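User: Please take a close look at one sheet in this model. Then tie it to the rest of the chain.

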Amino acid sequence: MVVDVVVGVIVAVLLLAAVVGGMSLRVVQQFQRGVVFRFGRVRDEVRDPGLVALVPVADRLRRVNVQIVTLPIPAQEGITRDNVTVRVDAVVYFRVEDPVKAIVNVQDYNFAISQVAQTSLRSIIGKSELDDLLANREPINQGLELMIDSPALGWGIEIDRVEIKDVALPEAMKRSMSRQAEAERERRARIITADGEYQASARLSEAAEVMSATPAALQLRLLQTVVEVAAEKNSTLVLPFPVELLRFLDSATETHRRGAEQGGSGVDGVEPVQPGKVEAPPLPGMEQLELPPLEEVLDSSPVDPPERYAGDGKNGGKNDSEKSDGRT
C-alpha cells in the first residue's frame with residue numbers, strides 16, 4: 001500500500017506540473033508580438049515569436065498583430081474650396097510599431113484609426129479644389145497621411161500610406177466638365193487648322209513667286225490639274241477662268257460707265273447712247289406712217305373722219321372712189 005500511495009503522489013505531481021506548465025507556456029506567431037501583464041502591470045519587455053514562459057497565475061499574455069492592416073475609409077461627402085459637392089473614399093495602410101502603446105494607450109486602435117481617417121478626409125476635402133482631387137492627388141495623399149499620423153504616433157501606430165480611391169461627382173458637374181473638355185478640344189482643333197492654313201499660304205506664296213518668273217510653269221500646273229480631274233472618269237470637266245480677264249472686263253465696264261456719265265465719248269471713240277433717244281431702224285418693205293400730234297387728236301371730234309380719209313389728197317381721192325364704186 002505504501003507503494004501505491006507513492007505512485008499516486010508521483011502521478012498527481014506530474015499532472016500538477018503538466019497543468020502548471022500548460023498555464024505558463026504560450027506560443028507567439030511570427031507575425032505577432034507578445035505583451036505580458038504581471039498582476040495588471042505591463043512588462044516593458046515585448047515577447048518575440050516562439051515559445052514564451054509565463055509565471056502561472058501572475059502573468060497574462062496579449063498578442064498584438066504587427067502586420068500591415070488595410071483599412072478602407074467610408075465615402076465622405078463634402079464641399080471643396082471651389083464650392084463643388086463631392087463624395088470621396090480612401091484607404092489607409094498602417095501597422096503597429098509599438099505593441100505596448102497600442103495596447104495601453106488606446107482601447108481599440110483599429111476603430112480609432114478609422115475615425116481619425118474619416119475626419120481627416122472631410123477636412124482635406126474642404127481645403128482642396130476639384131481639379132486637385134481629380135488630377136493632383138499625390139499632395140493630397142501626403143497631407144492626409146500627415147493628418148492621420150499625428151495622433152497615431154502616440155498610439156504606437158505607423159501610417160504606411162494613404163490613398164484616395166474614388167471621387168464621385170454630381171451628374172450636372174459631369175456634363176459641365178464634358179462641355180468644357182469638348183470646347184477645349186474644339187479650340188485646339190481650330191488653332192491647329194489656322195496654323196496649317198498659315199503654313200500653306202506661306203508655301204503657296206513662295207510657289208507663286210517661282211511661277212511668276214516662268215509663265216510656262218503656270219500653264220503646266222493648269223494642265224496637270226486638268227489631268228488629275230480627268231483621271232476620276234467624270235463627265236464634267238471644270239476649267240479655271242483667268243482672274244485677269246475678269247479684271248479687264250470690270251475695268252472696261254467702269255470706263256464705259258464714266259464716259260456715259262460725263263457725256264463724252266465712251267470706249268474707242270464710240271458715242272454713248274443717251275437714255276430716251278434710242279431709235280429703232282426702219283424695217284425694209286414697210287411703209288412708215290406719221291402719227292398726228294397729240295394735241296390735234298385731243299381737239300378733234302370722235303365722229304369726224306380722220307384727215308387721211310378726206311378726199312383732198314392722194315389717199316383721200318382713192319378712198320372716196322373706192323367707196324362710191326362699192327356702193328354702186
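Analyst: Three strands make up an open sheet, ordered S6-S7-S8, and their pairing is antiparallel. The model is predicted. Strand S6 (69-79) and S8 stand at the edges. Each has a single partner strand, so one side of each lacks a neighbour in the sheet. From one strand to the next, the twist averages 25°.

Take the S6 and S7 pair. The two strands run antiparallel and are joined by nine bridges. Gln-76 has Val-88 in S7 as its bridge partner. Leu-71 stands opposite Val-92, again a residue of S7. The connection between S6 and S7 is a hairpin, with five residues between the strands. Asn-83 sits in that turn and has a positive phi of about 65°.

Now the other side of S7. Side chains of opposite charge can pair when their charged atoms come close. Arg-95 and Glu-158 form a salt bridge, with 3.4 Å between the closest N and O atoms. Arg-95 belongs to strand S7 (residues 85-96) and Glu-158 to strand S8 (residues 157-168), so the salt bridge ties together parts that are 63 residues apart in sequence. How buried or exposed are the two partners? Arg-95 counts as partly exposed, because its relative accessibility is 27% and the partly exposed class lies between 20% and 50%. Glu-158 is also partly exposed, with a relative accessible area of 36%.

A second salt bridge gives a local counterpart. Arg-203 pairs with Glu-206, and their closest N and O atoms are 3.5 Å apart. Both residues lie in helix H6 (residues 171-213). They are three residues apart, about one turn of the helix. Arg-203 counts as exposed at 60% relative accessibility. Glu-206 is partly exposed, with a relative accessible area of 44%. Back at the sheet, Arg-95 and Glu-158 belong to a network that also takes in Glu-97, joined by salt bridges that share partners.

The search of the whole structure finds 13 salt bridges. One of them joins the side chains of Asp-59 and Arg-38, at 2.6 Å from N to O. This pair links distant parts of the chain: Asp-59 is in strand S5, Arg-38 is in strand S2, and they are 21 residues apart. Asp-59 is buried, with a relative accessible area of 11%. Arg-38 counts as partly exposed, at 27% relative accessibility.

Those two strands lead to another sheet. It is open, has three strands in the order S3-S2-S5, and is paired antiparallel. Strand S3 (41-47) and strand S5 (59-65) stand at the edges. Each of these has a single partner strand, so one side of each is left without a neighbour in the sheet. Neighbouring strands here are turned by 30° against each other on average, direction ignored. Strand S2 (residues 32-38) pairs with S3 in the antiparallel sense, over four bridges. Arg-38 takes part in this pairing too: its bridge partner in S3 is Arg-41. Arg-38 thus appears twice, in the salt bridge with Asp-59 and in the bridge with Arg-41.

Two sites outside the sheets complete the picture. The first is a loop residue. Ser-128 lies between helix H3 (109-127) and helix H4 (130-135). Ser-128 is buried, because its relative accessible area is 7% and buried means under 20%. A polar atom of the Ser-128 side chain lies 2.8 Å from the backbone oxygen of Ile-124.

The second is on the surface. Val-2, Val-6, Ile-10 and Leu-14 make a nonpolar surface patch of about 390 Å². Leu-14 lies in helix H1 (residues 2-24). At 55% relative accessibility, Leu-14 counts as exposed.

Terms used. Residues are numbered from 1 along each chain as its sequence is written. This is a predicted model: local features need pLDDT of at least 70, side-chain atom pairs count only at pLDDT 80 or more; totals for chains, interfaces and linings use all residues. Side-chain values use heavy atoms; hydrogens and water are left out. Patches are made of residues with over 30% relative accessible area and no salt bridge: like charges are joined within 9 Å, nonpolar side chains (Val, Leu, Ile, Met, Phe, Trp, Tyr) within 5 Å. Accessible areas come from the Shrake-Rupley method with a 1.4 Å probe; for residues, only the protein chains shown count as cover. A salt bridge is a side-chain nitrogen of Lys or Arg within 4 Å of a carboxyl oxygen of Asp or Glu. Buried means under 20% relative accessible area, exposed over 50%, partly exposed in between (1.4 Å probe, protein chains only). Two strands pair if DSSP finds at least two bridges between them. Axes are lines fitted to C-alpha atoms, for helices over the stretch in contact, and angles run from 0 to 180 degrees between N-to-C directions. A polar contact is a pair of N or O atoms within 3.5 Å; within protein, one must be able to donate a hydrogen and the other to accept it, and residues adjacent in sequence count only if both atoms are side-chain atoms.
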